[in-house]
Amino acid sequence: MSIRQVVLAVCGSTFPQVKATCGDFPDWFRAKLPELDIELLIWNAHALDPEPDLTDVIGCLVTGSPAMVTDRAEW
């Protein structure tokens with residue numbers, strides 16, 4: 001069986017005080033997903049990174065963000 005891949009679209013970082021004690025969004029997903037036997041492909045959408053190859057991807061998870069739609073961020 002081939003490895004199942006899921007994209008994690010990261011839409012920003014959590015608040016600094018939360019990150020210092022609990023890690024950032026990708027850390028939270030990595031902590032819970034090993035039991036599902038998938039490979040997590042991190043895509044920093046907020047950093048305008050190029051999209052990952054979606055050939056073998058079975059799904060996409062989208063993180064939260066402290067950004068507001070009214071911020072009109074470039075991404």
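Me: Is cysteine 11 buried or exposed in this model?
Reply: Happy to start there, with the reminder that this is a predicted model. Buried means under 20% relative accessible area. Cysteine 11 has a relative accessibility of 11%, so this residue counts as buried.

Me: How many disulfides does a search of the whole structure find?
Reply: Let's look at the sulfurs. The cysteine sulfur closest to that of cysteine 11 belongs to cysteine 60, and at 8.4 Å it is too far for a bond. A disulfide needs the two sulfur atoms within 2.5 Å. Across the whole structure, the number of disulfides found is zero.

Me: And what is the relative accessible area of cysteine 60?
Reply: Partly exposed covers the range between the buried limit of 20% and the exposed limit of 50%. Cysteine 60 falls into that partly exposed class, with a relative accessible area of 49%.

Me: In what order do the elements of the chain run from the N terminus on?
Reply: Good thing to settle before going further. The chain has two helices and three strands. Strand 1 covers residues 4-10, and helix 1 covers residues 16-22. Reading on from the N terminus, the order is β-α-α-β-β.

Me: Which strand is joined to strand 1 by seven bridges?
Reply: Strand 1 has parallel pairings to weigh up here. Five bridges join strand 1 to strand 3, residues 57-62, and these two run parallel. The pairing with seven bridges is also parallel, and one of its bridges links valine 7 to leucine 41. The strand asked for, residues 38-44, is strand 2.

Me: Why is strand 1 largely enclosed by the rest of the structure, and how many of its residues are buried?
Reply: Glutamine 5 makes a nice example, as it lies in strand 1 and is buried at a relative accessible area of 17%. The strand has seven residues, and it is largely enclosed because the number of them that are buried is six.

Me: Which residue's side chain makes a polar contact with the side chain of glutamine 5?
Reply: Leaving aside neighbours within four places in sequence, glutamine 5 is in contact with Glu39, Leu41, Asp56, Val57, Ile58 and Gly59. Val57 is its bridge partner in strand 3. The side-chain polar contact, at 3.1 Å, is with glutamate 39.

Me: Which element gives the most to the largest nonpolar core?
Reply: That core has six residues: Val6, Leu8, Val10, Leu33, Ile38 and Leu40. The elements giving two or more residues to this core are strand 1 and strand 2. With three residues, the one that gives the most is strand 1.

Me: Which residues is valine 6 in contact with, leaving aside its neighbours within four places in sequence?
Reply: Valine 6 belongs to the largest nonpolar core. Its contacts include Val57, Ile58, Gly59, Cys60 and Leu61. The rest of its list is Ile38, Glu39, Leu40 and Leu41.

Me: Where does threonine 14 lie?
Reply: Its surroundings give some clues. At 10% relative accessibility, threonine 14 counts as buried. Beyond four places in sequence, threonine 14 is in contact with Lys19, Gly23, Asp24, Phe25 and Trp28. Its place is the loop between strand 1 and helix 1.

Me: How far apart in space are phenylalanine 25 and isoleucine 58?
Reply: Phenylalanine 25 sits in helix 2 and, at 9% relative accessibility, counts as buried. Its contacts beyond four places in sequence include Gly12, Ser13, Thr63 and Pro66. Phenylalanine 25 and isoleucine 58 are 33 residues apart in sequence, and their C-alpha to C-alpha separation is 20 Å.

Me: What share of the contacts with a separation of 6 or more comes from residues 24 or more positions apart?
Reply: Some context on the chain may help. Its C-alpha trace spans about 45 × 30 × 15 Å along its principal axes, and buried residues make up 25% of its 75 residues. Among contacts with a separation of 6 or more, residues 24 or more positions apart account for 72%.

Me: In which element is confidence highest?
Reply: The chain averages a pLDDT of 86, and 96% of the residues score at least 70. Confidence is lowest in helix 2, residues 25-32, at a mean of 89. The highest value, 94, belongs to helix 1.

Methods: Residues numbered from 1 in each chain as written. Predicted model: local features only at pLDDT ≥ 70, side-chain atom pairs only at ≥ 80, totals over all residues. Heavy atoms only, no water. Buried < 20%, exposed > 50% of the residue type's maximum accessible area, 1.4 Å probe, protein only. Helix = DSSP H or I, 4+ residues; strand = E, 2+ residues; numbered from the N terminus. Polar contact = N/O pair within 3.5 Å; in protein donor to acceptor, adjacent residues only side chain to side chain. Contact = heavy atoms within 4.5 Å. Pairing = 2+ DSSP bridges. pLDDT = per-residue confidence, 0-100. Core = buried A, V, L, I, M, F, W, Y, C linked by side-chain atoms within 4.5 Å.
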